[in-house]
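Okay everyone, thanks for coming. Could someone put the model up on the screen, please, and then we'll walk through it together?

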Amino acid sequence: MVSQAWTGTIDPFLKKLCFLSLCHYTSERMFELLKTDAGSKARRGRLTTAHGVIETPVFMPVGTQASVKALDPRELHEMGTQIVLGNTYHLAIRPGMDIMNEAGGLHRFMNWDLPILTDSGGFQVFSLAKIRKIQQDGVEFRSHLDGSPLFLGPKEAMKIQRELGSDIAMAFDQCPNHDAPASEMKETVDRTLRWARLCLEQPRAEGQLVFGIGQGGSNAELREYCAKALCKMDFDGFAIGGVSVGEPEPEMMKAVEYTEPFLPADKARYAMGLGTPAQLVELVARGVDMFDCVLPTRVARNGTAFTKKGTISIKAGYNKRDWNPIEEDCECYACRHFTKAYLRHLLNVDEILGLRMLSVHNSHMFLDLMRNIRLHLDNGTFSEYRREFIAGYTPTLKVLEQRARHAEAQQESPSN
Ligand SMILES: [Zn+2]
């Protein structure tokens with residue numbers, strides 16, 4: 001009994017002490033580059049945060065509203081989740097920061113004891129909010145829920161993230177449409193840089209890391225200009241923003257390729273909102289360490305499963321008498337316990353278990369993919385793994401069409 005009471009008292013103290021010592025000894029080296037791949041720009045790394053160490057490359061399941069849709073923390077732990085995402089804009093609107101403060105922050109509110117990254121809300125202000133007025137120090141807008149007036153800028157976004165107590169806070173940026181004219185794109189980049197400086201000046205939660213976000217669309221000059229200016233600021237990591245906003249895949253890859261050469265090797269790089277399994281492999285090969293994407297749980301709700309060969313529709317008639325799991329060698333709970341025939345039935349009669357099990361499988365698939373990538377980077381076999389994975393993965397028709405259009409455009413104008 002004595003030892004239990006003792007452990008309970010000392011544990012948070014020790015944790016804090018260890019973290020502070022680590023901060024001291026590693027100085028600003030929160031990210032440790034362990035290995036680089038000989039055949040690509042892929043990197044194997046380790047990021048230390050207040051709630052634990054993250055092995056990279058890493059996939060971060062998205063818990064926008066303080067919950068990874070349909071999955072509980074026990075399941076997330078079981079499938080090897082290292083870090084989840086929360087969202088500043090959504091959580092500030094509901095439940096609101098008074099409730100969040102009363103709960104003692106986001107970790108306690110959602111009972112998640114590992115690292116959390118919070119998006120700054122910049123993306124939602126520009127994608128969801130109905131009426132908005134951009135000002136020098138932020139954006140005046142109306143809530144997408146009830147139209148109530150709100151103001152969010154660098155100071156407000158950092159204050160919310162400080163109160164949420166996330167391990168990684170994101171700078172407040174402006175995310176333009178991918179096809180915005182060059183002059184507008186430049187304005188966005190300058191505003192994003194101005195706001196980034198302001199974000200760095202704000203107080204943080206204890207041990208909180210802050211990442212800057214680069215913009216510039218698929219304009220090489222603007223991406224370079226933004227990345228260089230951002231890297232002069234003292235951020236703990238860098239994100240490539242303005243991707244996954246409706247642009248075709250080749251443009252998304254370009255945005256990353258135009259940014260990556262200007263990012264420092266000793267800090268983590270995060271591509272926001274990406275991507276499909278094949279895109280993740282290709283983005284790792286382009287030097288990205290961190291990813292988040294709603295796809296695993298979003299497509300689960302349509303009855304779609306991700307596999308190493310591409311997506312399959314579990315609802316389809318041909319699965320009616322399929323007594324095999326979604327993927328033979330998958331070790332997720334759904335594949336170890338249920339057949340496609342059963343899951344198809346659940347989805348067709350709208351039983352919640354069906355979409356839960358598809359969410360379990362899809363999330364596990366993304367996490368397992370990153371585990372394999374890390375393993376192959378450790379073993380020096382990433383290039384072979386990449387080649388085999390891409391050869392075996394069938395992209396969606398939409399992605400194939402985008403690639404074909406891009407190849408045609410390249411042939412017509414090789415200088416692009
Ligand atoms: Zn599975």
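So, in what order do the three strands of the open sheet stand, and how do they pair? The order is β7-β8-β9, and the pairing is antiparallel. The edges are taken by β7 (132-135) and β9 (149-152), each with a single partner strand, so one side of each has no neighbour in the sheet. On average, neighbouring strands in this sheet are turned by 15° against each other, direction ignored; the axes there are lines fitted to C-alpha atoms, for helices over the stretch in contact, with angles running from 0 to 180 degrees between N-to-C directions.

Before I go on, some housekeeping. This is a predicted model, where local features need pLDDT of at least 70 and side-chain atom pairs count only at pLDDT 80 or more, while totals for chains, interfaces and linings use all residues. Residues are numbered from 1 along each chain as its sequence is written. When I say helix or strand, I mean DSSP runs numbered from the N terminus: H or I with at least four residues for helices, E with at least two for strands. Two strands pair if DSSP finds at least two bridges between them.

Back to the sheet. β7 and β8 (residues 138-142) are antiparallel partners over four bridges, and they make a hairpin with two residues between them. If you want to find the register, Ile134 sits opposite Val139 in β8, and Gln135 has Gly138 as its bridge partner.

There's another hairpin earlier in the chain. How many residues join β1 to β2 there? Six residues. β1 (residues 31-36) and β2 (residues 43-49) pair in the antiparallel sense over five bridges, with Leu33 standing opposite Gly45 in β2.

Okay, zooming out. The whole protein comes to 16 helices and 16 strands. Its C-alpha atoms fill a box of roughly 75 × 60 × 50 Å along the principal axes. For 416 residues, a compact globule would have a radius of gyration near 22 Å, and the protein has 22 Å, which agrees. That radius is taken over C-alpha atoms, and the globule rule is 2.2 Å times the number of residues to the power 0.38.

How confident is the predictor? pLDDT, its confidence in each residue from 0 to 100, averages 91 here, and 92% of the residues score at least 70. Please don't read much into residues 1-10: pLDDT stays under 50 there, and the model has zero contacts for them beyond four places in sequence. Residues 18-27 also stay under 50, with three such contacts. By contact I mean two residues whose C-beta atoms, placed from the backbone, lie within 7 Å.

Next, burial. A residue is buried if 20 or more other C-beta atoms lie within 10 Å of its own, exposed if 12 or fewer, and partly exposed in between, with C-beta atoms placed from the backbone. By that count, 45% of the 416 residues are buried.

Which helix shows this nicely? Take α9 (residues 249-259), which is mostly covered, with eight of its 11 residues buried. Among them are Met252, Met253, Val256 and Tyr258. The buried residues of α9 pack against β11 (209-214), α8 (220-231), β12 (237-240), β13 (268-271), α10 (277-285) and α16 (397-412).

Then there's α6 (residues 154-164), whose buried residues include Met158, Ile160 and Leu164. Right after α6 comes Gly165, with a positive phi near 75°.

Now the domains. The protein is divided into domain 1 (30-293) and domain 2 (294-380); those bounds come from an automatic or database domain assignment. The C-alpha centres of the two domains lie 27 Å apart. Their contact takes 24 residues from domain 1 and 21 residues from domain 2. On the domain 1 side, α10 gives the most, with four residues.

Last stop, for the cysteine fans: is Cys332 buried or exposed? Cys332 has 22 C-beta neighbours inside 10 Å, so it counts as buried. You'll find Cys332 in the loop between β16 (310-313) and α12 (333-337). Leaving aside neighbours within four places in sequence, Cys332 is in contact with Met79, Val360, His361 and His364. Cys332 and Met365 are 33 residues apart in sequence, but 8.1 Å apart in space, C-alpha to C-alpha.

That's my tour, thanks.

Conventions. pLDDT = per-residue confidence, 0-100.
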